[in-house]
Amino acid sequence: MRVLVTGGAGYIGSVTTAVLLEAGHAVTVLDDLSTGHRDAVPAAAEFVQADIRTAGNVMSRERYDAVVHLAARSLVADSVADPAAYWQANVVGSLALADAARQHSVPRFVFSSTAAVYGDPTTTPVRETAEARPTNPYGASKLAVDQLLDSYARAYGLAAVSLRYFNVAGAHAGLGERHARESHLIPLILDVAQGKRDHIVIHGTDWDTTDGTCVRDYIHVADLARAHLLALENAAAGKHEIYNLGNGTGFSVREVIDTARLVTGRSIPALEGPRRPGDPAALVASAERAQALLGWRPRHPELRTIVGDAWAFHTAKDIA
């Protein structure tokens, strides 16, 4: 299968590209390098530096069997401050990409959606049947693309899959997380372990959880990438399927910090701070649908493995 991966120079995109290549697929990565890294693109993949709105130029050169769409703006606070940028990049860009795929008869489309479409869910673990109530423009923009793909599947016969994942961490094949503006808990904690930050802040210690700190679902990036491969293999013409992806197990902020201390052997100072507005106490995925219909199960569900692989990447590569 020949696959076009948008955002393939980013964290999840580069690992997904590597997994697709390992499975024997030919991959072209399309990325504008606004947040991605050229050296993260596996050598066996073709690389095109371009905006996704020009993807039709790439598709006109040879026939593609699928698009895996991971290019997006993804910072919640930024989406609140500058929603126009998110609607343009995430919605207008995705519409142009979907239209190019339709024009060039690309039959499969796998989309990187997000748990943010659910907003603050009333029950956990979260199933695909939960009401989508995004609380920020980032989540709203992703939900809009989910809806776009649903209509394209019905009207044009597209085989579409949206993968809604929760917290992603870890590393695979020498590829890991490195953002210019880091906002994710595990790499922030590992920055403290490396001495790049003085401490980690725990946002609230009075939540209704086992230890008073927020609980989140963490999925290993290699497991997530493999789900994209399975989604490609199981996509059906004229259908739009949605799958939640996660461990199905929640880990508290204190558990993540303690695990990082164990893995790194560092003290990792932590300061207690106030709650952040909009944070739910617990957010855990139900991945039962993906298990039943895709045959997908996490192969690396242990938090120590997830943090350990992330730490190995952090210490092996200068990501400052």
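**Exercise 1. The annotated span**

Which residues does UniProt list for "domain: NAD-dependent epimerase/dehydratase"?

Solution. The UniProt record, an unreviewed entry, lists residues 3-246 under that name; UniProt positions are given in the numbering used here, feature names are shortened, and annotations may be inferred rather than shown by experiment. This is a predicted model, in which local features need pLDDT of at least 70 and side-chain atom pairs count only at pLDDT 80 or more, while totals for chains, interfaces and linings use all residues. Residues are numbered from 1 along each chain as its sequence is written, and side-chain values use heavy atoms, with hydrogens and water left out. Within the model, the end C-alpha atoms of residues 3-246 lie 24 Å apart, and the span is 36% helix and 21% strand. Helices (H or I, at least four residues) and strands (E, at least two) are DSSP runs, numbered from the N terminus.

**Exercise 2. Helices H4 and H5**

Work out how H4 and H5 pack, and which residues meet.

Solution. Start with the geometry: helix H4 (residues 83-103) packs with H5 at an angle of about 20 degrees, and their axes are 9 Å apart. Axes are lines fitted to C-alpha atoms, for helices over the stretch in contact, and angles run from 0 to 180 degrees between N-to-C directions. Angles under 35 degrees count as roughly parallel, over 145 as roughly antiparallel, 65 to 115 as roughly perpendicular and the rest as oblique. H4 and H5 are therefore roughly parallel to each other.

Next, take the contact, which means heavy atoms within 4.5 Å. Among the H4 residues that meet H5 are Tyr86, Trp87 and Leu95, and the H5 side includes Leu148, Tyr152 and Tyr156. By class, this contact of H4 with H5 has 14 nonpolar, 3 polar and 2 charged residues; Ala, Val, Leu, Ile, Met, Phe, Trp, Tyr, Cys and Pro count as nonpolar, Asp, Glu, Lys and Arg as charged, and the others, Gly among them, as polar.

**Exercise 3. An aromatic pair in H5**

Describe the arrangement of the rings of Tyr152 and Tyr156.

Solution. The structure holds 1 aromatic pair. Tyr152 and Tyr156 form this pair, with 5.0 Å from centre to centre and 85 degrees between the planes, and the arrangement is edge-to-face. Rings of Phe, Tyr and Trp (its six-membered ring) pair if their centres lie within 6.5 Å, and planes under 30 degrees apart count as stacked, over 60 as edge-to-face and the rest as tilted. Because Tyr152 and Tyr156 are 4 residues apart in helix H5 (residues 137-156), they are separated by about one helical turn.

**Exercise 4. Two oblique packings**

Compare the packing of H1 with H7 and of H6 with H8.

Solution. Helix H1 (residues 11-22) and helix H7 (residues 221-234) pack at about 60 degrees, with axes 9 Å apart, and are therefore oblique to each other. Their contact has 11 nonpolar, 2 polar and 1 charged residues. Helix H6 (residues 185-193) and helix H8 (residues 253-264) pack at about 45 degrees, with axes 10 Å apart, which makes H6 oblique to H8. The contact of H6 with H8 has 9 nonpolar, 1 polar and no charged residues.

**Exercise 5. Backbone exceptions**

Locate Pro125 and Leu33, and describe the backbone there.

Solution. Most residues other than glycine have a negative phi, and most peptide bonds are trans. The peptide bond from Thr124 to Pro125 is cis, with omega near 5 degrees, and Pro125 is found in the loop between strand S5 (108-114) and H5. Leu33 has a positive phi, near 60 degrees, and lies in the loop between strand S2 (26-31) and strand S3 (46-49).
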